[in-house]
There are 2 protein chains.
Amino acid sequence: MSKKLTKREDDYSRWYNELVVKADLAENSSVRGCMVIKPYGYAIWEKMQAQLDKMFKETGHQNAYFPLFVPKSLFEAEEKNAEGFAKECAVVTHYRLKNDENNPGKLVVDEKAKLEEELIVRPTSEAIIWNTYKNWIQSYRDLPILINQWANVVRWEMRTRLFLRTAEFLWQEGHTAHSTKDEAMKEAELMNNIYADFAQNFMGIPVIKGLKSESERFAGAEETFCIEALMQDGKALQAGTSHFLGQNFAKAFDVKFANKDGKLDYVWATSWGVSTRLMGALIMTHSDDNGLVLPPKLAPIQVVIIPIYKSEDQLNQISKKIDPIIDKLKSKNISVLYDKRDTHKPGFKFNEHEIKGVPIRIVIGPKDLENSTLEIFRRDNMKKEIIELENVFEKIDFLMEDIQSNIFNNAYKFTNKNIRIANTYEEFKSIIKNQGGFVSAHWDGSSETEEKIKKETKATIRCIPIDSKKEEGFCVVSNKPSPQRVLFAKAY
Amino acid sequence: MSKKLTKREDDYSRWYNELVVKADLAENSSVRGCMVIKPYGYAIWEKMQAQLDKMFKETGHQNAYFPLFVPKSLFEAEEKNAEGFAKECAVVTHYRLKNDENNPGKLVVDEKAKLEEELIVRPTSEAIIWNTYKNWIQSYRDLPILINQWANVVRWEMRTRLFLRTAEFLWQEGHTAHSTKDEAMKEAELMNNIYADFAQNFMGIPVIKGLKSESERFAGAEETFCIEALMQDGKALQAGTSHFLGQNFAKAFDVKFANKDGKLDYVWATSWGVSTRLMGALIMTHSDDNGLVLPPKLAPIQVVIIPIYKSEDQLNQISKKIDPIIDKLKSKNISVLYDKRDTHKPGFKFNEHEIKGVPIRIVIGPKDLENSTLEIFRRDNMKKEIIELENVFEKIDFLMEDIQSNIFNNAYKFTNKNIRIANTYEEFKSIIKNQGGFVSAHWDGSSETEEKIKKETKATIRCIPIDSKKEEGFCVVSNKPSPQRVLFAKAY
C-alpha cells in the first residue's frame, strides 16, 4: 500500500478521493455513479447503524420494510415531492429480457414485457409509505405510527463523489404519523436532536442545529430541521434532516383519522433520514495528511498490536505476553487486531493502520520484553510513548475516551473559529471568497435575496440556527429588518 | 382483531395467507408482487439477521455492499446465469421523468433520458461482484475473499405469495473467492452446514442437507448444496442454498490469480444465500389453527404479562409485584411486554398474543395477589398452570428452553414420519398423491427420468441427501442402477 496521499492543502478534493480508496472504504463501480462499499468502510457504517438503531428504538420507533418500487401514479400524487425528485428518477419500464436474435449469447429487453405503469426506483419513500398508512389508520387509537426503514435509495446524480453524492446510497428513513400538529412538530425536532447527539457524541462531529429556509426545504415539507457540520476545507455539509410534513401527504393519499370526538381530520406527518453521506462527513472532519482518523466509538479496529521480531521464537515470546492482553481487551468489548503477518514489514503495517485510522497502536519488541514495556501510539495526534506493560489497560481506557473527546474538541474549535459575522454584503463576500466557513449574517427572509446571494457568491443558507441568540438587525443585501442572523456557507 | 382463522385442514393455503396478515407480519403492497414487511414481522427477521450475521462473522466473513444495478453487458457475461434469470428481470431504461404536457400535475418518462445501456435490478449479484473482484485479485495473497451482503433483490414472479415468492425480497448473499477447488467446495459445504445449524437450533426447523440434481441447481453453479424442510401440508420448502460455482464466473469476468509458483489460474467461487422466504418456513413449520407459534430464540416478545384488574388501585397493586419481575427479566435479556392497556379486555389480549405466537403468557389478577401466585401459559401446547410467584424465573428459564426444543422435536417427528420409501413407481405415485411428504426412492441420475416424474406427479428431486446411508438399488422408473436413494417431494 502506497502511503503517498495528496496533501490537503494542495488539493482537498483529490486528497478525499484518494483517501476513500486507499483506506479501503469504498470505490467506484462499473455502474455509473454507484459505489462499492468495501468491508472496512461497511464495518464503520454498521457501527453507525447499530448506534442509530438503538437510539431510534429507545425513543419508541420500530423498523419495517416497504417496496423498492413506487408506481408512477403514487409517485406523482404529492406534487411538490414528485416535482422535487422527478428529474433524478431511475425508471423501470420492462420486466423481462430475451435472447438477442442477431447476437447469440447476448440479451435484449423484451418489448412484449413492457409494464403498463412504470415503476420508479424509490428516491425516498413518502409516497409508497403514505399509500400504505392509509389502510393502517382509522382512528386516533392507531396513532402515532413510529416507523423507520433501513434501505437503499436511488437519485440519478450527474456528478457523483464517493459517499457524498452517489446515484444509489444507503440510508434510514423514518416515517411517522400523528394526530396533532404539535406532536408531529415535536417528533421532527426530537429526531433532529437525536441526529445531533449521534453526530457529536459518536462521530465526534460538532453540528449546528437549525431550520432550512423555504427554498432549501425537502420537497413536500413544511419545515425542515437539519444539522450542519463544517468540513476542513471550509465547506458546510448537511449531515441529517428531519421534516415536518404537515398534512401534505395525508391529503395527497387521503389519510384521515377519527379523533376522540369522532371527527375526521387529516393525519400529521414527519420524515427524517441520514445516509452513507455521513461517512463523507466523518472523513472530512477528522482525517489528516496521513490518512483517516476515526473516533474510537466507530472504529472497526480500536487497537492494533504489532510485534517486532526476527525469529519465530521471539514472536512466540511476544505472543505469550500479548495473548492474555488481547483476551482481556476483547472481554471489555474493545476490538483488537494482532497483526503478526510475516508477509509484511512493521513499517508497512504502521502505514496501513495509520491510513486506516486505527485509533491506538501498540508495538512490542524484544527490548520491551526485557523491560516489561510497550510502545503506545495514538492516531489522532500521532504521539507515542513507552509505558509499563502493567499499565496497558488503564492507558487504553484513557485513550479511548481521550481520543474521542480530543477529536471532537479539535473539530469544535475549528468550527467555532470559522463562524464569522458579516454586517455588510462586502464583508460577506470577502469572507466567502477568502476564508470560507460559515458566515453569520442578517437576511430579510426573502427567496429573492437568498437567490441573489447564491448566484453572486455560491453560498447558500445552511440553516436558521435554533440555539443561537435572537439578535435583530438588517439584511446585508436589502437592508430590510431581520429577526435573527442565519448561517450561510458554500456547501457539499 | 378477529381470531377466526381458517383451519389448516380446511384450506392450508388460505390459513397461511390469513395468518401472515392477522399476525401483523406482512401484507401485499400496491406494487405488484412486492410486500410490506410490518414491524412485527420485521422484528423476527431482524433476530434472524442478527444470529446469521454473528455466525458468518465467526467463520471469518465480512459484510460489504455492491450496487443494486447490473449493466446488461455484465449481466449477460456468465451465460448460464444470465439465461436462468433473464425472464424475471426488472429493467431500468430511463433516468428522468418530466411533466406531462397533456395532463397538468402528471409525469411521464422523459424519452430524452434513455440510458445507453439498460440496467438490470439485481436478481442476484454474482455478475456485479465478480466484475469487482477482478480488480481486487492479483495473487494468492489476495485470497480467500470472504464477503457477505445484506440486500434486496428483485425477481419478477408471475404468481406471488407473501414471504414465499415475492418480486422483491430481502436476503443475504455470500460471495467468496478461493485459490483452490477444494477450498471453495469446503466453503460451500460449510455455509450449508451453518444454514442447517441456524434452521434447526434457532428456527426449530429440522432440515435435510443435500445436493441438488443438475436440473435444480442454481444457474451458473457446478454443485448446489441445500437444506430442505417439510411443511405441515406435506410440501417441501428449500430453506437455503450454497453453491460451488467452479471457475465459471472467474472465466466470464477474467479473474485470474498468480499462485505461489507464479502461475496464473482462474479463481474458484462460491455463493450462498437465505432470504425472507425463511419467514414462510418458520410459519408453516410450527403454527397452528390458533395462529403463529414462534421459537423463543426468535420471538420479538418472549413473555407477555397481562394484568386482570377492575380498578386503578388493583392495577397498581399488580404493577408493584410485576415491575421488579420485568426488570429482572430484562436484565436477563428476556424481552417482555407488560400489556396493561385499558382499551382492550383480557380476552382480546389473549387472542392477540396467541395469534402473534408469543411463547409465554403470564396472567395475574387480584386472587393471585392474595395467594402469591400467577398463571403461566405456553403457546406451543396451549397448556397453562398456576405457579408460585417466587418460582417465576426458574419457570421462565425452563419454558424458554423447553418450548424451543419441544417445537423442534414435534417438527422433527413430523418430518421423519413423512419420509416414505418407495420401491416401485406405483408406490411412489401413490405416496405423492395420497400422503405427500418426502419420497425416498432410487433414481437413475438422468434428467429425462427426473422430468418424467415431475410431469406425471409434480414431485421434484428436493435433494440427494448427504448424511443418509448409501444404499444401492434400481431406479423406480427406468430400473437402471442407482447408487443411493434421493428425496422427492412436491415443493413450494
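Let's start with one residue: B:Asn17 is partly exposed, because 15 other C-beta atoms sit within 10 Å, which falls between the 12 or fewer of an exposed residue and the 20 or more of a buried one. Keep in mind that this is a predicted model. From that residue, we can move on to how chain A and chain B meet, how they are related, and how chain A is divided up.

**Around B:Asn17**
- If you want to find B:Asn17, look in helix H1 of chain B, which covers residues 12-22.
- B:Asn17 and B:Ala43 are 26 residues apart along the sequence, and their C-alpha atoms are 19 Å apart in space.

**Where the two chains meet**
- On one side of the meeting place, 53 residues of chain A are in contact with 54 residues of chain B.
- Strand S5 of chain A (residues 91-94) gives the largest share of chain A's side, with four residues.
- Sorted by class, the side of chain A that touches chain B has 30 nonpolar, 11 polar and 12 charged residues.
- S5(A) also pairs with strand S5 of chain B (residues 91-94), in the antiparallel sense and over three bridges.
- As for a partner in that pairing, A:His94 has B:Val91 of S5(B) as its bridge partner.

**How the copies are related**
- In general, two copies of a chain are related by a rotation about an axis plus a shift along it.
- Here, a rotation of 180° with 0.0 Å of shift along the axis puts chain A onto chain B, with an RMSD of 0.0 Å.
- That is the relation of a two-fold axis.
- Which residue of chain A comes closest to the rotation axis? The residue is A:Val92, whose C-alpha is at 2.1 Å.
- The copies meet through the same surface, because 100% of the interface residues of chain A are also interface residues in chain B.

**Domains of chain A**
- The domain assignment splits chain A into domain 1 (12-286), domain 2 (296-414) and domain 3 (419-489).
- Taken over C-alpha atoms, the centres of domain 1 and domain 2 of chain A are 38 Å apart.
- Between these two domains of chain A, 17 residues of domain 1 are in contact with 12 residues of domain 2.
- Helix H2 (39-58) and helix H8 (277-286) of chain A each supply at least two residues of the side of domain 1 that touches domain 2.
- The largest share of that side, five residues, comes from H2(A).
- By class, that side of domain 1 of chain A has 10 nonpolar, four polar and three charged residues.

Key:
Residues are numbered from 1 along each chain as its sequence is written. Chains are lettered from A and ligands numbered from 1 in the order in which they are written. This is a predicted model: local features need pLDDT of at least 70, side-chain atom pairs count only at pLDDT 80 or more; totals for chains, interfaces and linings use all residues. Two residues are in contact if their C-beta atoms, placed from the backbone, lie within 7 Å. Ala, Val, Leu, Ile, Met, Phe, Trp, Tyr, Cys and Pro count as nonpolar, Asp, Glu, Lys and Arg as charged, and the others, Gly among them, as polar. Two strands pair if DSSP finds at least two bridges between them. Copies are superposed by least squares on the C-alpha atoms of residues with pLDDT of at least 70 in both. Domain bounds come from an automatic or database domain assignment.
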